[in-house]
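Work through the exercises below with the model open. Each one sets a task and then solves it step by step.

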Amino acid sequence: MRIPIFQLDAFTSRVFAGNPAAVCPLPRWLDDATMLAIAAENALSETAFVVSGPQGWSIRWFTPAIEVELCGHATLAAGHVVLSRLEPHADEVRFQSPSGVLGVRRHGDLLALDFPSRPPEPCAVSPALLRALRGVAPQDCLASRDVVAVLRSEDEVVALEPDLAAVRELDALGLIVTAPGKSCDFVSRYFAPRAGIDEDPVTGSAHSTLTPLWASRLRKTALEARQVSRRGGELHVELRGDRVMIAGSVAPYLEGHIDVPDGAGA
């Protein structure tokens with residue numbers, strides 16, 4: 001089976017920045033082992049597989065190690081592929097996903113995700129978290145899908161060199177570190193070694209948690225965010241009740257095809 005593949009940099013307007021994702025449109029679902037093997041071969045933080053059927057589009061996401069239940073940057077990339085290449089006359093695509101229906105729509109020059117809001121709840125600072133932060137004391141510790149450590153400043157977030165072995169010990173998919181931004185409302189970084197991702201360059205799904213957190217603290221619903229990884233990325237977010245809008249740019253990088261061995265597929 002010959003499958004199209006697109007690689008795009010999400011949450012950036014230029015290549016070699018933001019978060020790279022692969023998108024593979026499929027005529028039908030492949031078996032899980034084959035999709036995981038493709039994601040591992042791609043060696044990107046996420047590969048999104050999309051299928052169009054009678055009920056519309058569906059999406060699933062795989063890291064090089066596991067399937068995840070929600071991914072922002074690869075959904076943004078998949079939305080770009082659908083709206084620019086597969087259904088160029090459409091203004092919105094809605095994906096059925098393990099986390100419910102997720103929309104991607106045109107938002108001026110950007111694309112905007114419609115994601116669930118996942119407000120974090122206060123939690124205790126565990127010994128594993130202190131080891132992960134290498135002794136940096138967080139101002140606050142919260143948790144949803146991920147553990148969230150609120151640090152004092154953007155400089156502290158940028159300088160952090162976490163103990164990834166300790167991050168693996170956390171009772172969470174990953175670790176978000178965040179602080180107020182110098183030239184934006186807030187900054188963050190995201191570490192998920194359990195998922196095969198030591199540091200994710202720009203994490204849309206983390207902003208399902210960061211947006212309600214900072215909207216409450218800053219008392220405004222529309223915010224500008226930056227993920228201050230080495231590649232970096234910019235996100236425009238807005239809290240809308242129990243949903244979060246996460247908007248950004250996408251920079252296409254390559255397209256081609258992959259050959260899947262005979263016998264693969266559902």
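**Exercise 1. Classify the two ends of a salt bridge and place them in the chain.**

Step 1. Arg-226 has a relative accessible area of 29% and is partly exposed, where buried means under 20%, exposed over 50% and partly exposed in between (1.4 Å probe, protein chains only). Glu-154, at 10% relative accessibility, counts as buried.

Step 2. This is a predicted model, in which local features need pLDDT of at least 70 and side-chain atom pairs count only at pLDDT 80 or more, while totals for chains, interfaces and linings use all residues. Residues are numbered from 1 along each chain as its sequence is written, and side-chain values use heavy atoms, with hydrogens and water left out.

Step 3. Arg-226 and Glu-154 form a salt bridge with their closest N and O atoms 3.5 Å apart; the term requires a side-chain nitrogen of Lys or Arg within 4 Å of a carboxyl oxygen of Asp or Glu.

Step 4. Arg-226 belongs to strand S15 (residues 222-227) and Glu-154 to helix H4 (residues 154-159), so the bridge ties together parts 72 residues apart in sequence. Helices (H or I, at least four residues) and strands (E, at least two) are DSSP runs numbered from the N terminus.

**Exercise 2. Describe two further salt bridges, out of the 18 counted.**

Step 1. Between Lys-182 and Asp-155 the closest N and O atoms are 2.7 Å apart. This pair links distant parts of the chain, with Lys-182 in the loop between strand S12 (175-180) and S13 and Asp-155 in helix H4, 27 residues apart. Lys-182 counts as exposed at 61% relative accessibility, and Asp-155 as partly exposed at 44%.

Step 2. Lys-220 and Asp-185 meet in a salt bridge of 2.7 Å, N to O. Lys-220 sits in the loop between helix H6 (207-218) and S15, and Asp-185 in the loop between S12 and S13, so the pair ties together parts 35 residues apart in sequence. Lys-220 is partly exposed at 37%, whereas Asp-185 is buried at 17%.

Step 3. Asp-32, Arg-60 and Glu-67 are joined into one network by salt bridges that share partners.

**Exercise 3. Which strands pair with S11, and in which sense?**

Step 1. Strands count as paired if DSSP finds at least two bridges between them. S11 and strand S10 (residues 140-143) are antiparallel over 4 bridges, with Asp-140 opposite Val-150. A hairpin joins S10 to S11 through 3 residues.

Step 2. S11 and S12 are parallel over 4 bridges, and Val-148 has Ile-176 in S12 as its bridge partner.

Step 3. In a regular strand the side chains alternate between the two faces of the sheet. In S11 (residues 147-150), Val-147 and Ala-149 point one way and Val-148 and Val-150 the other, and all are buried.

**Exercise 4. Identify the nonpolar cores.**

Step 1. A nonpolar core is a set of buried Ala, Val, Leu, Ile, Met, Phe, Trp, Tyr and Cys residues joined through side-chain atoms within 4.5 Å.

Step 2. The largest has 51 residues, and Phe-11, Trp-61, Phe-95 and Ile-246 have the most contacts inside it. H2 gives the most to this core, with 7 residues.

Step 3. Another core, of 21 residues, lies apart from it; Ala-149, Val-157, Val-167 and Val-177 are among its members.
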